[in-house]
Amino acid sequence: MTEISKKGALLEVKNNIQTSILQFFQDAIEKKLFDAVMLPMKVPSGDSFAWIMIKEQDILKSAQPLASIMPVNAAKALKRYTRKGKGTYKIAALMKPCEIRATIELTKLNQVHLDDVTLFSYDCVGALPMQDYIADPEAGDNKFKKLLSDKNWNSKDVKPVCKICDKFSLSASNLHFALNDQELILISNSEKGEKLLTDLDLKAETDLTKWQNYIEKQKKIKLKNREETFEIIKDMVEGFENLTETFANCIGCHNCNSSCPICYCRQCYFDSSVAKPNSDIIMMRAEDRGAVSLPLDRIMFHTGRMAHMSLSCVSCGLCSDACPVNIPVAKIFSYVASQTQKTFEYSAGASVGDALPMKEYRLDELGELGELVKNAEVQEGSHE
Ligand code: SF4
Ligand code: SF4
């Protein structure tokens, strides 16, 4: 990845930011720089959005690049498209920064292949909670339109996890749309991005200092919100008693698992027959403890998921949107992820170049355990 450019290319804003972004993609398709663009579009019923791979210019006009909700994380949609590796067509995909981070994580897990893909991100004001939006899509659209026109990065109307997200701007995308006052600035963030600007004859001549200062200011506010929220969440999840109480009304539906872009295993252990003991075994457990709650292993499911994927959790909030009993799953996972990622000096989705800690073992990373492994290796060597 090249160093972040200090300047960006100013794009013309005729009506609003959404139409200007669409115009940009139309121009890029016309110049044959992309064969298709993956963007969100309203579903026919008008109360949700779907990811659409768009080839036709006429259909492109109906897309809504900055969607007010996130029913499916774009990384999941891109995984379906690129899972089998390199194809024939060049595509562009525009996503929220948390979706870019999920894409980067899935790339490291060989679930997404970016050879044919140019990733675009934008300054994200957050997404509205799904249930609020479905209850009144028109009100949701108006609310979101206002958030965009006010450039309001600290609205009380967005998802709880968006209120504490300090990574809402430039991410590991190839290019980034910066929303600066009434301006739309395209920033190159990679060699692919530089080439595209050249191919489109766009000059990076607009200074980014004002935009950068504004984003930094917003980040500080979000970080403060995040610290305060994590203090509350810490008390909800640290210690077995607290964890059990927090997940007491979990109905074991596993929606949080199936909506998560990072939980990619085709066969989840918790849905397998191994995790579904027969009645005799359940009765043995009941005998040991006096009683068992059904469905079984709800706490184990959550702690298992934390152990499995919290290093890659990107705080997208889809798990909370999917929870029918309003458990703050996303804030909980964001908190746990902040702890595990800090331990491994890792930031999920920050860069394709950072190896996944689970795939790379460093002797110095686990203190005493590292020493034990080193000593065992020395002893083994002396026996050879
Ligand atoms: S655990 Fe929740 S917040 Fe984290 S990546 Fe999965 S869906 Fe998103
Ligand atoms: S979505 Fe909510 S109720 Fe369903 S398993 Fe996850 S935490 Fe439990």
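This is a short tour of the structure above, one selection at a time.

**Whole protein**

Start with everything shown. The model is predicted. Display the cartoon: the protein has 16 helices and 8 strands. Along the principal axes, its C-alpha atoms fill a box of roughly 70 × 60 × 40 Å. Does the overall size fit a compact globule, or what else should you expect? The radius of gyration is 23 Å, and a compact globule of 384 residues would have one near 21 Å, which agrees.

**Two domains**

Now colour by domain. Select residues 8-223 for domain 1 and 228-343 for domain 2, as given by the domain assignment. The centres of domain 1 and domain 2, taken over C-alpha atoms, are 30 Å apart. Look at the contact between the two: domain 1 puts in 20 residues and domain 2 puts in 16 residues.

Stay on the domain 1 side. Which helices supply at least two residues each there? They are α3, α4 and α7, the last at residues 160-163. Of these, α4 gives the most, with 6 residues. By class, this side of domain 1 has 13 nonpolar, 2 polar and 5 charged residues.

**Helices α3 and α4**

Select residues 74-82 for α3 and residues 97-108 for α4. Two packed helices are described by the angle between their axes and the distance between the axes. Here the axes come within 8 Å and cross at roughly 40 degrees. α3 and α4 are therefore oblique to each other.

Next, show the side chains at the contact. From α3, pick A74, A75, L78 and K79. From α4, pick E99, A102, T103 and L106. By class, this contact has 5 nonpolar, 1 polar and 2 charged residues.

**Ligand 1**

Move to ligand 1. There are 13 residues around ligand 1. Which of them come nearest? Select C260, C313, C316, C319 and F333 to see them. Two elements give two or more residues to this shell: α14 (318-322) and α15 (329-343). Colour the shell by class and you get 10 nonpolar, 3 polar and no charged residues.

**Ligand 2**

Finish at ligand 2. Its surroundings hold 13 residues. The nearest are C250, C253, N255, C256 and C323. How many charged residues does the shell around ligand 2 have? It has none; the shell divides into 10 nonpolar and 3 polar residues.

Key
Residues are numbered from 1 along each chain as its sequence is written. Chains are lettered from A and ligands numbered from 1 in the order in which they are written. This is a predicted model: local features need pLDDT of at least 70, side-chain atom pairs count only at pLDDT 80 or more; totals for chains, interfaces and linings use all residues. A residue is near a molecule or strand if its C-beta atom, placed from the backbone, lies within 6 Å of it. Ala, Val, Leu, Ile, Met, Phe, Trp, Tyr, Cys and Pro count as nonpolar, Asp, Glu, Lys and Arg as charged, and the others, Gly among them, as polar. Axes are lines fitted to C-alpha atoms, for helices over the stretch in contact, and angles run from 0 to 180 degrees between N-to-C directions. Helices (H or I, at least four residues) and strands (E, at least two) are DSSP runs, numbered from the N terminus. Angles under 35 degrees count as roughly parallel, over 145 as roughly antiparallel, 65 to 115 as roughly perpendicular and the rest as oblique. Two residues are in contact if their C-beta atoms, placed from the backbone, lie within 7 Å. Domain bounds come from an automatic or database domain assignment. The radius of gyration is taken over C-alpha atoms; the globule rule is 2.2 Å times the number of residues to the power 0.38.
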